Amino acid sequence: MSVPILPTISTSFIVLSAILVAIGWGLIAKRKIEAHRKVMYAAGVAATIFFIIYASRTVFIGNTAFGGPEELKGYYTFFLIFHITLATVGAVFGITSLWSGYKNNLKLHRKIGPISSIIWFFTAITGVMVYLLLYVIYEGGETTSVIKAILGF
């Protein structure tokens, strides 16, 4: 079984973004504000690179359907929809956190920053699980449109 390069690269960028968010969280706890700012921007860049690779692959190549056992497909689909929802919410929170930090709106930033980080950690974890289920644990199914890959029709 070969592991496809684009999903591997894009998943690596999500993991990198989560690691950078964790580092940024540690930096702000130590009141290293400028270092925190730089690391969190880097986390945003890593997440953006993920999104560009993922969206480009989706548009130009398609998405990979679940190739595991048919009896697990329903569970996988539920998990994938959960991950997509979490990622969407995490992206909105993340952008809002980055923007509020950039604009020095610290009241909002301090309120949603920790929530954004936690959502992003779970997004990264579930994203890695989707990657493992599609490309490592089971061999990926056909590469097809997003709707067909997610819902099977």
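**Entry 1: a tryptophan on the outside**

I began with W99, whose relative accessibility comes to 53%, so I noted this tryptophan as exposed. I reminded myself that what I have open is a predicted model. Y102 has a relative accessible area of 53%, and I wrote this tyrosine down as exposed too. I then found that W99 and Y102 both lie in helix α3, which covers residues 73–102, and that three residues, about one turn of the helix, separate them. A general point helped me here: an α-helix has 3.6 residues a turn, so residues three or four places apart point the same way.

**Entry 2: the aromatic pairs**

I next asked how many aromatic pairs the structure holds. The count is six. One of them joins W25 and F121, and I noted this pair as stacked, with 5.7 Å from centre to centre and 25 degrees between the planes. When I looked up where the two partners sit, I found W25 in helix α1 (residues 5–29) and F121 in helix α4 (residues 106–136), so that the pair links distant parts of the chain, 96 residues apart. W25 has a relative accessible area of 35%, and I therefore entered W25 as partly exposed. The rings of W99 and Y102 also pair: their centres are 5.5 Å apart and their planes stand at 35 degrees, which is why I wrote "tilted" beside this pair. The cut-off I needed for that step is that planes under 30 degrees apart count as stacked and those over 60 as edge-to-face, with the rest tilted. I also wrote down a cluster, in which ring pairs link F66, Y76 and Y138.

**Entry 3: along helix α3**

I went back to α3 and checked its span against what its length predicts. At 1.5 Å a residue, its 30 residues should span 44 Å, and the C-alpha atoms at its ends are 42 Å apart, which agrees. I then asked which residues of α3 are buried. My list includes K73, Y76, T77, L80, H83 and L86, and further on G90, S97, S100 and G101. Y76 caught my eye, for this tyrosine is buried in α3 and also belongs to the ring cluster with F66 and Y138. Just after α3 comes N104, which takes a positive phi of about 60 degrees.

**Entry 4: two positive phi values**

I stayed with N104 for a moment and placed this residue in the loop between α3 and α4. R31 also has a positive phi, near 65 degrees, although R31 is not a glycine. I found R31 in the loop between α1 and α2, and with a relative accessible area of 53% this arginine counts as exposed. As a general background, most residues other than glycine have a negative phi.

**Entry 5: charged side chains in α2**

How many salt bridges does the count come to? I recorded one. It is formed by R37 and E34, whose closest N and O atoms are 2.7 Å apart. R37 and E34 both lie in helix α2 (residues 33–60), three residues apart, about one turn of the helix. R37 has a relative accessibility of 28% and counts as partly exposed, and E34, with a relative accessible area of 40%, is partly exposed as well.

R57, which I also placed in helix α2, was another matter. This arginine is buried yet has no salt bridge, and the nearest side chain of opposite charge, that of E142, is 12 Å away. I then looked up what surrounds R57, leaving aside its neighbours within four places in sequence, and found contacts with L6, P7, G62, N63, T64 and Y135.

**Entry 6: helix α4 and the whole chain**

I checked α4 in the way I had checked α3. Helix α4 has 31 residues and reaches 42 Å from its first C-alpha to its last, close to the 45 Å expected at 1.5 Å a residue. Where is the kink in α4? I found it at I112, shortly before the proline P114, with an angle of about 35 degrees.

I closed with the overall picture. The protein has five helices and two strands, and from the N terminus on the elements run α-α-β-α-α-β-α. Along the principal axes, the C-alpha atoms fill a box of roughly 50 × 25 × 25 Å. Of the 153 residues, 37% count as buried. Among the contacts with a separation of 6 or more, 75% are between residues 24 or more positions apart.

Conventions:
Residues numbered from 1 in each chain as written. Predicted model: local features only at pLDDT ≥ 70, side-chain atom pairs only at ≥ 80, totals over all residues. Heavy atoms only, no water. Phe/Tyr/Trp six-rings, centres within 6.5 Å; stacked < 30°, edge-to-face > 60°. Helix = DSSP H or I, 4+ residues; strand = E, 2+ residues; numbered from the N terminus. Buried < 20%, exposed > 50% of the residue type's maximum accessible area, 1.4 Å probe, protein only. Expected span 1.5 Å × (residues − 1). Salt bridge = Lys/Arg side-chain N within 4 Å of Asp/Glu carboxyl O. Bend = angle between axes of the 7 residues up to and from the residue. Lys, Arg positive; Asp, Glu negative; His and termini not counted. Contact = heavy atoms within 4.5 Å.
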